[in-house]
Amino acid sequence: GCQSCDGGFSLPSRTACTQDQIRLSVPSVSGAEGTTKTYELQLIRAPVGTITVAVTSSAPADLTVSPAALTLIGTGAQTLTVTFVDDLEEEPDVEDLLINHVFSATNVADGAFQGRTVALPTSVVDNDEAAVRLALLGSDLLVPSAGMLTAEGVSVPFRFRLMSRPR
């Protein structure tokens with residue numbers, strides 16, 4: 001049986017979403033920060049005129065999509081690349097976002113596409129941990145995570161750096 005995908009899509013398999021005349025090759029996209037994934041968008045039937053698609057992320061600081069605009073004149077699949085931005089900021093383990101595809105048509109005969117928005121659910125897996133990095137002052141020598149021994153009464157100056165932004 002079909003499962004609901006997004007916005008009334010039917011999901012005949014776990015590999016694609018189809019709504020009316022628009023097909024996405026995946027029902028969702030998930031990736032860790034610092035990685036990329038691809039998916040395809042295609043029209044099921046050829047339009048009479050030209051269809052343009054503006055592609056945007058609901059959180060551009062966390063994920064980007066390229067190309068940001070598509071021009072469709074047939075039924076050939078167009079490949080899009082999702083980049084999960086490695087932001088060095090500790091965030092929730094998984095952040096749920098959307099990639100929006102907003103369609104416009106140049107020909108009245110393609111009115112079914114005009115103004116249609118297709119949202120692709122997307123999850124970004126955070127790869128940052130809260131941590132502090134210690135180094136000897138005036139040096140790039142890192143203090144081992146096991147610590148450092150000094151003679152009693154000796155002071156050792158350190159500098160520290162947060163490895164990710166605090167929430």
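**Briefing: one salt bridge and a five-stranded sheet**

The count of salt bridges in this structure comes to one. The model is a predicted one. The salt bridge is formed by Asp-110 and Arg-45. The points below describe this pair, then an open sheet of five strands, and finally the residue Asn-100, which lies in strand β11.

**The salt bridge**

- Asp-110 pairs with Arg-45, and their closest N and O atoms are 3.8 Å apart.
- The two residues connect distant parts of the chain, being 65 residues apart. Asp-110 belongs to the loop between β11 and β12, whereas Arg-45 belongs to the loop between β6 (36-43) and β7.
- Asp-110 has a relative accessible area of 0% and is therefore buried.
- Arg-45 has a relative accessible area of 31%, so this residue counts as partly exposed.

**The five-stranded sheet**

- The strands follow the order β5-β12-β11-β7-β9 in an open sheet, and their pairing is mixed.
- At the edges stand β5 and β9 (69-72), each of which pairs on one side only.
- On average, neighbouring strands of this sheet are turned by 25° against each other, direction ignored.

**Pairing within the sheet**

- Strand β5 and strand β12 (residues 117-125) run parallel and are joined by four bridges. In this pairing, Gly-31 stands opposite Val-124 of β12.
- Strand β7 (residues 51-57) and β11 run antiparallel, with seven bridges between them. Here Thr-56 is placed opposite Asn-100 of β11.

**The two faces of strand β5**

- The side chains of strand β5 (residues 29-32) alternate along the strand.
- Val-29 and Gly-31 point to one face and are buried.
- Ser-30 and Ala-32 point to the other face and are not buried.

**Asn-100 in strand β11**

- Asn-100 is located in strand β11, which covers residues 94-105.
- The relative accessible area of Asn-100 is 18%; because buried means under 20%, Asn-100 is classed as buried.
- Leaving aside residues up to four places away in sequence, Asn-100 touches Ala-54, Val-55, Thr-56, Thr-117, Val-118 and Ala-119. One of these contacts, Thr-56, is also the residue that stands opposite Asn-100 in the pairing of β7 with β11.

How values were computed: Residues are numbered from 1 along each chain as its sequence is written. This is a predicted model: local features need pLDDT of at least 70, side-chain atom pairs count only at pLDDT 80 or more; totals for chains, interfaces and linings use all residues. Side-chain values use heavy atoms; hydrogens and water are left out. Buried means under 20% relative accessible area, exposed over 50%, partly exposed in between (1.4 Å probe, protein chains only). Contact means heavy atoms within 4.5 Å. Two strands pair if DSSP finds at least two bridges between them. Axes are lines fitted to C-alpha atoms, for helices over the stretch in contact, and angles run from 0 to 180 degrees between N-to-C directions. A salt bridge is a side-chain nitrogen of Lys or Arg within 4 Å of a carboxyl oxygen of Asp or Glu.
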